[in-house]
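Me: I would like to go through the labels on this model and see what backs each one. Short replies, please.

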Amino acid sequence: MHPDLDPAKFKKRECVASEANPNPTPIIIACDETGSMGRYAEQLIKHDLGVVMKKIYDRKPVPDPQIMAVALGDAYFDSSPIQATQFEASIAIAKQVENFYLEGGGGSNQGESYPLAWILAAYKTKCDSIRQRKGRGFLFTIGDECPLPKITKDQIRKFLDLEAQCDMDARILLDAVQKDWRVFHLIVKPVCSQPVVDTWKEWLGQNAIVINDTTKLAEGIVSLIQLVKSGDPDEVVGSWSGVSEVRDIVLQAAGR
């Protein structure tokens with residue numbers, strides 16, 4: 001793991017106002033890079049993530065979007081189960097993404113450590129829109145397995161350099177994080193040996209979205225942000241010309 005991307009080595013990632021970005025909106029996009037994702041993990045992180053970022057910067061579904069990219073693994077088996085860039089307001093973030101270590105690990109424990117991204121958002125970010133304007137950021141995890149139900153206090157200390165009095169129940173953590181972040185999980189190529197869709201739907205309801213066409217990931221993420229801001233599914237779908245996958249994604253999120 002590149003030391004600049006190691007959450008155990010930095011105190012906070014900041015999404016703060018500046019002259020160029022007076023109303024920054026924090027967006028975290030966290031991608032599963034474990035072995036079950038196969039070649040798609042590299043495609044997703046090294047290519048598709050850049051397309052997502054460009055779409056967000058070009059369309060600006062929220063004021064002054066600032067993006068943090070995260071690579072996720074399995075805290076029980078991997079040496080580097082979480083890596084995180086700075087928040088960036090331009091495609092320059094792609095240079096940091098190139099430094100992600102794609103460990104390709106994971107294990108046979110029927111899930112991955114997606115909740116690490118929630119802990120990162122809750123305890124290792126400083127966001128003006130949340131602290132000063134009482135807004136909420138956007139947090140997307142992307143992967144093919146179930147979320148592991150617990151993050152141990154030893155894992156929290158080792159991988160995030162945070163002290164916890166006890167292990168963290170992921171469901172309780174999720175409830176707390178959702179006060180400041182709109183949390184989504186995008187399900188891609190779900191593994192057949194786990195109840196992936198049912199579990200994520202139980203945890204996140206309509207914010208658990210199945211992405212059937214992974215080439216439309218960028219449009220999917222932007223459309224979900226648009227839907228939160230506008231509240232009108234038809235308006236969001238109509239803003240995309242000839243992208244049928246967007247309709248499916250938006251209707252899932254709208255509960256239709």
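Me: Why is Lys126 called partly exposed?

Reply: First, a caution: this is a predicted model. Lys126 has a relative accessible area of 31%. Buried means under 20% and exposed over 50%. The value for Lys126 falls in between, so the residue is partly exposed.

Me: What makes Glu14 and Lys126 a salt bridge?

Reply: Their closest N and O atoms are 4.0 Å apart. The cut-off is within 4 Å, so the pair counts as a salt bridge. The two residues are 112 residues apart, with Glu14 in strand E1 and Lys126 in strand E5.

Me: Why does Glu14 count as partly exposed?

Reply: Glu14 has 40% relative accessibility. Partly exposed lies between 20% and 50%, so the label fits Glu14.

Me: How do you know that Arg13 has no salt bridge?

Reply: The nearest side chain of opposite charge is Asp4, 7.1 Å away. A salt bridge needs a nitrogen within 4 Å of a carboxyl oxygen, so Arg13 and Asp4 do not qualify. Arg13 is nevertheless buried.

Me: Which backbone oxygens does the side chain of Arg13 reach?

Reply: One is that of Asp4, at 2.7 Å. Another is that of Thr85, at 2.9 Å. A polar contact needs N or O atoms within 3.5 Å, and both distances meet that limit. Beyond its close sequence neighbours, Arg13 also touches residues including Met68, Phe87 and Lys124.

Me: What makes Lys55 and Glu219 a salt bridge?

Reply: The N to O distance is 3.9 Å. The limit is 4 Å, so the pair of Lys55 and Glu219 passes. The link runs from helix H1 to helix H8, across 164 residues.

Me: Are Lys55 and Glu219 buried or exposed, and on what values?

Reply: They get separate labels. Lys55 is at 28% relative accessibility and counts as partly exposed. Glu219 is at 11%. Buried means under 20%, so Glu219 is buried.

Me: What makes H8 mostly covered?

Reply: In H8, 11 of its 14 residues are buried. Among them are Leu217, Ile221, Leu224 and Leu227.

Me: How does the span of H8 compare with what is expected?

Reply: H8 reaches 20 Å from its first C-alpha to its last. That is close to the 20 Å expected at 1.5 Å a residue. Gly231 follows H8, with a positive phi near 75°.

Me: What makes strand E6 mostly covered?

Reply: 7 of its 7 residues are buried. Gly137, Leu139, Thr141 and Gly143 point one way, and Phe138, Phe140 and Ile142 the other way.

Me: How do you know that E6 pairs with E2 and E9?

Reply: Pairing takes at least two bridges. E2 and E6 have 5, and run parallel. E6 and E9 have 7, and also run parallel. In E6, Leu139 is the bridge partner of Ile28. In E9, Trp181 is the partner of Gly137.

Me: Why is Glu202 called exposed?

Reply: Glu202 has 56% relative accessibility. Exposed means over 50%, so Glu202 is exposed. Its side chain meets that of Arg171 in a salt bridge at 3.5 Å, N to O. Arg171 is in helix H6 and Glu202 in helix H7.

Me: Why is Ser108 called exposed?

Reply: Ser108 is at 68% relative accessibility. That is over 50%, so the label holds for Ser108. Ser108 lies in the loop between helix H2 and helix H3.

Methods:
Residues are numbered from 1 along each chain as its sequence is written. This is a predicted model: local features need pLDDT of at least 70, side-chain atom pairs count only at pLDDT 80 or more; totals for chains, interfaces and linings use all residues. Side-chain values use heavy atoms; hydrogens and water are left out. Buried means under 20% relative accessible area, exposed over 50%, partly exposed in between (1.4 Å probe, protein chains only). Lys and Arg count as positive and Asp and Glu as negative; His and the chain ends are not counted. A polar contact is a pair of N or O atoms within 3.5 Å; within protein, one must be able to donate a hydrogen and the other to accept it, and residues adjacent in sequence count only if both atoms are side-chain atoms. Contact means heavy atoms within 4.5 Å. Helices (H or I, at least four residues) and strands (E, at least two) are DSSP runs, numbered from the N terminus. The expected span of a helix is 1.5 Å times one less than its number of residues. Lists of a residue's contacts leave out its neighbours within four places in sequence.
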